[in-house]
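Hello,

Here is the structure I promised to pass on to you. Please have a look at it first, and then read my notes underneath.

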Amino acid sequence: MSLSLLPNFISACRIALSPVLIFLLHERDYRMALIVFLVAGISDALDGFIARRWGFMSRTGAILDPLADKLLLVSAYVMLAFLDHLPFWLVLVVASRDALIVGGYLGYTSMYGPVHMRPSLMSKLNTLLQITLVLAVLAAEALAWPPAGWISPLVWAVLATTVASGLHYLWIWAVRKDIEHVHAEKRHD
């Protein structure tokens with residue numbers, strides 16, 4: 001395997017961790033689920049660092065990395081709702097926002113051509129809070145820390161940032177149209 005493929009390999013491994021996480025949560029093995037979620041988080045930071053540090057960024061990586069992140073988060077949210085650790089309505093809001101972003105991207109690119117998508121500051125905060133909520137629930141179940149009183153405020157913070165982030169993307173696409181278009185490179189033969 002070429003070293004330049006390492007970030008994509010790490011992302012693919014993170015995708016493979018999603019069914020493992022689902023299985024562990026189904027079995028209510030919260031300690032191992034917490035470890036798998038932490039390993040996935042570390043691998044996300046590692047593949048991004050390697051790709052940026054050595055310039056191993058690729059179109060495949062630009063697709064695999066966010067796909068791995070979303071798959072892991074959605075898997076965690078669905079299972080934690082199924083196990084009554086998160087409210088089902090929160091899963092609906094989170095999944096609806098993700099569907100809005102993917103649908104908006106596909107719609108925009110079909111009308112105007114390829115674009116570079118960069119996560120907004122609100123989107124980054126939302127992702128951080130979504131991850132923090134999963135970690136807090138898993139840690140509360142596995143380690144009896146943090147206290148249960150910490151989960152509810154995190155649920156509301158995730159709700160608020162999810163809605164705000166979804167509305168922000170909608171505003172960017174519909175009102176500002178402040179999107180960086182990908183220009184085809186001219187080939188000199």
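Below is what I found, beginning with the salt bridges. Please keep in mind that this is a predicted model.

The count comes to 6 salt bridges, and Arg14 is a good place to start. Arg14 is buried, with a relative accessible area of 1%. Its side chain meets that of Asp65 in a salt bridge, at 2.5 Å from N to O. Arg14 belongs to helix H1 and Asp65 to helix H3, so this pair ties together parts that are 51 residues apart in sequence. A salt bridge also joins Arg14 to Asp47, at 3.0 Å from N to O. Asp47 sits in helix H2, 33 residues away from Arg14 in sequence. With Asp44, the closest N and O atoms are 3.3 Å apart; here the partners are 30 residues apart, Arg14 in H1 (residues 6-26) and Asp44 in H2 (residues 30-53).

The acidic partners vary in exposure: Asp47 is buried at 3% relative accessible area, whereas Asp44 is partly exposed at 24% and Asp65 is partly exposed at 22%. Through shared partners, salt bridges join Arg14, Asp44, Asp47, Asp65 and Asp69 into one network.

Next, the helix packing. Helix H3 (residues 59-82) packs against helix H4 (residues 88-112) at an angle of about 160°, their axes 9 Å apart. That makes the two roughly antiparallel, and H3 passes H4 in a left-handed crossing.

Finally, the surface. Leu100, Val163, Leu167 and Leu170 form a nonpolar patch there, together offering about 320 Å² of accessible area. Helix H6 (residues 151-176) contributes the largest share, 3 residues. Val163, found in H6, is partly exposed, with a relative accessible area of 40%.

Best wishes

How values were computed. Residues numbered from 1 in each chain as written. Predicted model: local features only at pLDDT ≥ 70, side-chain atom pairs only at ≥ 80, totals over all residues. Heavy atoms only, no water. Patch = residues over 30% accessible without salt bridge, like charges linked within 9 Å, V, L, I, M, F, W, Y side chains within 5 Å. Areas by Shrake-Rupley, 256 points an atom, 1.4 Å probe, with all protein chains shown as cover. Salt bridge = Lys/Arg side-chain N within 4 Å of Asp/Glu carboxyl O. Helix = DSSP H or I, 4+ residues; strand = E, 2+ residues; numbered from the N terminus. Buried < 20%, exposed > 50% of the residue type's maximum accessible area, 1.4 Å probe, protein only. Axes fitted to C-alpha atoms, helices over the stretch in contact; angles between N-to-C directions. Parallel < 35°, antiparallel > 145°, perpendicular 65-115°, else oblique. Left-handed = near helix turned anticlockwise from the far one by under 90°.
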